There are 2 protein chains.
Amino acid sequence: MTDKRQRILAAALQLFCQNGFQNTSTAAISKQAGVATGTLFLYFKSKDELINSLYKETKNAFAGYVQQGINAEATVKTQLLQSWRNAANWALEHVNHFRFLAMFGNSPFIASLTKEEAANEFIFLQDLIAKAVTEEWVTTIDLDLFLALFSGQLHATVSYLNQHAGRVDKDSAIQQAFDVFIKGISRH
Amino acid sequence: MTDKRQRILAAALQLFCQNGFQNTSTAAISKQAGVATGTLFLYFKSKDELINSLYKETKNAFAGYVQQGINAEATVKTQLLQSWRNAANWALEHVNHFRFLAMFGNSPFIASLTKEEAANEFIFLQDLIAKAVTEEWVTTIDLDLFLALFSGQLHATVSYLNQHAGRVDKDSAIQQAFDVFIKGISRH
DNA sequence: CTATAAACTGACTAATCAGTCAGTAATGTA
DNA sequence: TACATTACTGACTGATTAGTCAGTTTATAG
């Protein structure tokens, strides 16, 4: 029953976001997941491995969602917008997942190998941005800086929407933030 | 000797960034700081209080630096650029401090009260941005979204520079990222 | 129905850690 | 000099925790 593995991951995610990392024991995770303490260690060699697996799988789920329904025939700008919308919507529908990624993304808790592995899933986005940079309408800018700004703006937008949930129109804020980004990197 | 208090904070910062939070014991912090374990608890009621103090004081030091040398008579755009440069330079000169802020900023480790207290130091930036929004050259945009985008872009730029330290020209990248931001929020 | 294997359990343990406190050193005061 | 106050020390402890493992249940096969 791989069902238990998922239950453990879900319980860990919830408790990490709720109580922080240090205040969440493996016993608490097991209890929340409805399994014995020993079972956790059947699926994950250690608490560390559990965390790294959670990070990797969460990031990959995110990356997978961002690519959904993208029309490769469309203009680069349209594809960027579609990715942008996907990412924002995923983040808003998976608040805890997104929070977890933000919490542990720059932390030494996550082994650097895990980080690289997860980053590979975003190559399609890098390709898209690389293509944009070669096009005339984009200002002269380093590819990596472009990528950093893209994800930075996206992250800021999602944080804003989470803090103002319900009080502002989601779709129009997403569009507005995208427009600001596109205008910023446009040559004219 | 309040010197010891600073030594404890400095040691905590270094070890948190190096080994993460859970893998840093109060004994290790004390040893690194060159004081007895008991001394740490003279200056901080608990490990939790130490972390919250470190966060608060780091954020305040950052906020203080960002405001330095700002000419209140200058245009809003010029003041924003000056703040932007200050923030980027501080972050690049205090890599661990910045890393720590990023690591624990969205985490439940930090009491929400501490967060609010630290955020108050950035009111001057909010005022500056509020003033910008009322000016004609800025596109119609919610004040909080503007603030989120500003810090998001800044954070992205600093992350980029930390990852490419030495390989790119620092000042020109800071300027370039600022130009992208200003262009993005400009009406024309 | 029986035998074998695989999944699971939870009481247990060795290790670690936050925080204490009785005692010592340093500093100030008269 | 003696006395008082404050700063500091580090061995110690009660509590917690990651991880184990001997035994039990469940699934699979002959």
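# A predicted model of two chains and two DNA strands

Reader: How many salt bridges does a search of the whole structure find over all chains?

Author: The search finds eight salt bridges over all chains. The structure is a predicted model.

Reader: What makes the pair Glu57(A) and Arg5(A) a salt bridge?

Author: The closest N and O atoms of Glu57(A) and Arg5(A) are 3.0 Å apart. The cut-off between a side-chain nitrogen of Arg and a carboxyl oxygen of Glu is 4 Å, and therefore the pair qualifies as a salt bridge.

Reader: Where in chain A do the two partners lie?

Author: Glu57(A) belongs to helix H4 (residues 47–66), and Arg5(A) to helix H1 (residues 3–19). With their positions 52 residues apart in the sequence, the pair links distant parts of the chain.

Reader: Which helices and strands are there in chain A?

Author: Chain A has ten helices and zero strands. Its pattern along the sequence is accordingly α-α-α-α-α-α-α-α-α-α. The C-alpha trace of chain A spans about 60 × 40 × 30 Å along its principal axes.

Reader: Why is the relation between chain A and chain B called that of a two-fold axis?

Author: Two copies of a chain are related by a rotation about an axis and a shift along it. Here a rotation of 180 degrees, with 0.0 Å of shift along the axis, superposes chain B on chain A with an RMSD of 0.1 Å. That is the relation of a two-fold axis. In chain B, the C-alpha nearest this axis is that of Gly184(B), at 1.8 Å.

Reader: How do you know what surface serves each copy?

Author: Of the contact residues of chain B, 97% recur in chain A, and the same surface serves both copies. The contact involves 37 residues of chain B and 37 residues of chain A.

Reader: What area do chain B and chain A bury between them?

Author: The size of an interface is often given as the accessible area lost when the parts come together. For chain B and chain A this buried area is about 3100 Å², and 63% of it is on carbon and sulfur atoms.

Reader: How many salt bridges and polar contacts are counted between the two chains?

Author: The count of salt bridges between chain B and chain A is zero. Ten residue pairs, with both residues at pLDDT 80 or more, are in polar contact between the chains. On the side of chain B that touches chain A, the elements giving two or more residues are helix H1 (3–19), helix H6 (95–105), helix H9 (143–163) and helix H10 (170–185) of chain B. H9(B) gives the most, with nine residues. By class, this side of chain B has 16 nonpolar, 15 polar and six charged residues.

Reader: Which residues are the closest to DNA strand C?

Author: Of the 17 residues that surround DNA strand C, the closest are Gly38(A), Thr39(A), Tyr43(A), Thr26(B) and Lys47(B). Helix H3 (37–43) of chain A and helix H3 (37–43) of chain B each supply at least two residues of the surface near this strand. The largest share, five residues, comes from H3(A). The surface near DNA strand C has six nonpolar, nine polar and two charged residues.

Reader: What parts of DNA strand C lie within 4 Å of the protein?

Author: Sugar or phosphate accounts for 68% of the atoms of DNA strand C within 4 Å of the protein, and bases for the rest.

Reader: What makes the approach of Thr37(A) to DNA strand C a polar contact?

Author: An N or O atom in the side chain of Thr37(A) is 3.2 Å from a base nitrogen of DNA strand C. The cut-off for a pair of N or O atoms is 3.5 Å, and therefore this pair is a polar contact. Phosphate oxygens of the strand also have partners: a polar backbone atom of Ala36(A) is 3.1 Å from one, and a polar backbone atom of Lys47(B) is 2.7 Å from one.

Reader: Which residues come nearest to DNA strand D?

Author: Thr26(A), Lys47(A), Gly38(B), Thr39(B) and Tyr43(B) come nearest, out of 17 residues around DNA strand D. Sugar and phosphate make up 68% of the atoms of DNA strand D that come within 4 Å of the protein. H3(B) gives the most to the surface near this strand, with five residues.

Reader: How do you know that Lys4(B) is in polar contact with DNA strand D?

Author: A polar side-chain atom of Lys4(B) lies 3.3 Å from a sugar or linking oxygen of DNA strand D. That distance is within the cut-off of 3.5 Å, so the pair counts as a polar contact. Phosphate oxygens of DNA strand D are likewise approached by polar backbone atoms, at 2.8 Å for Thr26(A) and at 3.1 Å for Ala36(B).

Methods
Residues numbered from 1 in each chain as written. Chains lettered and ligands numbered in written order. Predicted model: local features only at pLDDT ≥ 70, side-chain atom pairs only at ≥ 80, totals over all residues. Heavy atoms only, no water. Least-squares fit on C-alpha atoms with pLDDT ≥ 70 in both. Contact = heavy atoms within 4.5 Å. Near = heavy atom within 4 Å. Polar contact = N/O pair within 3.5 Å; in protein donor to acceptor, adjacent residues only side chain to side chain. Helix = DSSP H or I, 4+ residues; strand = E, 2+ residues; numbered from the N terminus. Nonpolar A, V, L, I, M, F, W, Y, C, P; charged D, E, K, R; others polar. Buried area = accessible area lost by both parts, 1.4 Å probe.
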